[in-house]
Amino acid sequence: MSELYMMVTITNRQLTRKFVECYKEKGAQVGSVTVGMGTAANEILDYFGLDGMEKSVLFHLVTDASWRQIKVALRKKMQIDLPGMGIAFIIPVSSVGGKKALNYLTCGQEFVKGEESTLKETKNELLVVIANHGYTELVMDAAREVHAAGGTVIHAKGTGTENAQQFLGVTLVPEKEMLFIVVKSEQKNSIMRAIMEKAGLESKAQSIVFSLPVTDTAGMRLMEEMGET
């Protein structure tokens, strides 16, 4: 059996292409790239040799075997331990909405499905929805019908979309939006199902959804109280 993770990479924006190519060489072909700004103080930037605040944030789904290979490549080829190169970390994935989406997101990585979640007894899950640009309201309308609360949207560009026809049977555009929705664990399956049915690959949104376990929260008391009534 394999474990599945969301790999997050934060690096200087000018290094984005090098990281994407490195990951493709190691089998992580499908991902999303967005932009960000660093918040470190000037003395921290100087200490670590960072020359700017503009960042790229990369998201890929990787198996444990792929991560081991990528980690070696990050150290040896990308020299990620040198100041200014960036960081990469992984977060366990608890489920993916549909076999086609799983095959596309792992895109040739050897994956043997095991139990659903690496972390047990979590009360909440983070749903990550990757949709075509401009269709997040279609996704949220579907999610709200099964009592999901609000979400947060970030603009992104898809990588590896040329593999969509092979794994999904459809063509995907690279312009994407990523939608993050925190839900109760017992709601996860119904919300994911609603998104897949009403805003999934057959819709204009062409959404793919997966979930990450959330170990604790703050600021969700109102949602918890509404669920108890």
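**Close-up views of a predicted model**

**View 1. Strands β2 and β7 meet in the middle of a longer strand order.** In this predicted model, strand β2 (residues 31–37) and strand β7 (residues 152–159) run antiparallel and are joined by 3 bridges. To find one of the paired positions, look for V33, whose bridge partner in β7 is K157. Stepping back, the open sheet holds 9 strands in the order β4-β1-β3-β2-β7-β8-β6-β9-β5, with antiparallel pairing. Its edge strands, β4 (87–92) and β5, each pair on one side only.

**View 2. Helices α4 and α5 meet the strands at their own angles.** Helix α4 lies across β1, β3, β5, β7 and β9, and runs at about 80° to β9. Helix α5 packs on the sheet as well, where it touches β6, β7 and β8. The direction of α5 makes about 20° with that of β8.

**View 3. Strand β6 is mostly covered, with β8 and β9 as partners.** Here 9 of the 9 residues of β6 are buried. Follow the bridges outward: 9 of them join β6 to β8, and the two strands run antiparallel. Another 7 bridges link β6 to β9, again antiparallel. V128 is a handy landmark for both pairings, as this residue stands opposite F180 in β8 and has F210 as its bridge partner in β9.

**View 4. F210 and V96 have the most contacts inside the largest nonpolar core.** This core has 29 residues, and V96 and F210 are the ones with the most contacts inside it. At least two core residues come from each of β1 (4–12), β3 (54–63), α4 (99–106), β6, α6 (164–168), β8 and β9. Zoom in on F210 and you will find it touching, among others, M6, L61, V93, V96, L105, L126, V128, I130 and M192. There is also a second, separate core of 18 residues, which includes M7, L15, V20 and V62.

**View 5. Helix α7 has a buried side and exposed residues opposite.** At 1.5 Å a residue, the 15 residues of α7 (residues 185–199) should span 21 Å, and the end C-alpha atoms are indeed 21 Å apart, so expectation and model agree. Buried in this helix are Q187, K188, I191, M192, A194, I195 and A199. These residues cover an arc of only 165° around the axis, so they sit on the same side of α7. On the other side, E186 and E197 are exposed. The buried residues pack against β5 (95–96), β6 (124–132), α5 (136–144), β8 (175–184) and β9 (208–214).

**View 6. Helix α1 also has one buried face.** Which residues of α1 (residues 16–25) are buried? They are T16, F19, V20, C22 and Y23. Seen down the helix axis, these buried residues fall within an arc of 160°, and therefore line one face of α1. Turn to the other side and you meet R17, K18 and E25, which are exposed. The cover over the buried residues of α1 includes β1, β2, β3, α3 (64–76), β4 and β7. After the helix comes G27, with a positive phi near 95°.

How values were computed
Residues are numbered from 1 along each chain as its sequence is written. This is a predicted model: local features need pLDDT of at least 70, side-chain atom pairs count only at pLDDT 80 or more; totals for chains, interfaces and linings use all residues. Side-chain values use heavy atoms; hydrogens and water are left out. Helices (H or I, at least four residues) and strands (E, at least two) are DSSP runs, numbered from the N terminus. The expected span of a helix is 1.5 Å times one less than its number of residues. Buried means under 20% relative accessible area, exposed over 50%, partly exposed in between (1.4 Å probe, protein chains only). The arc is that of the directions from the helix axis to the C-beta atoms. Contact means heavy atoms within 4.5 Å. A nonpolar core is a set of buried Ala, Val, Leu, Ile, Met, Phe, Trp, Tyr and Cys residues joined through side-chain atoms within 4.5 Å. Two strands pair if DSSP finds at least two bridges between them. Axes are lines fitted to C-alpha atoms, for helices over the stretch in contact, and angles run from 0 to 180 degrees between N-to-C directions. Lists of a residue's contacts leave out its neighbours within four places in sequence.
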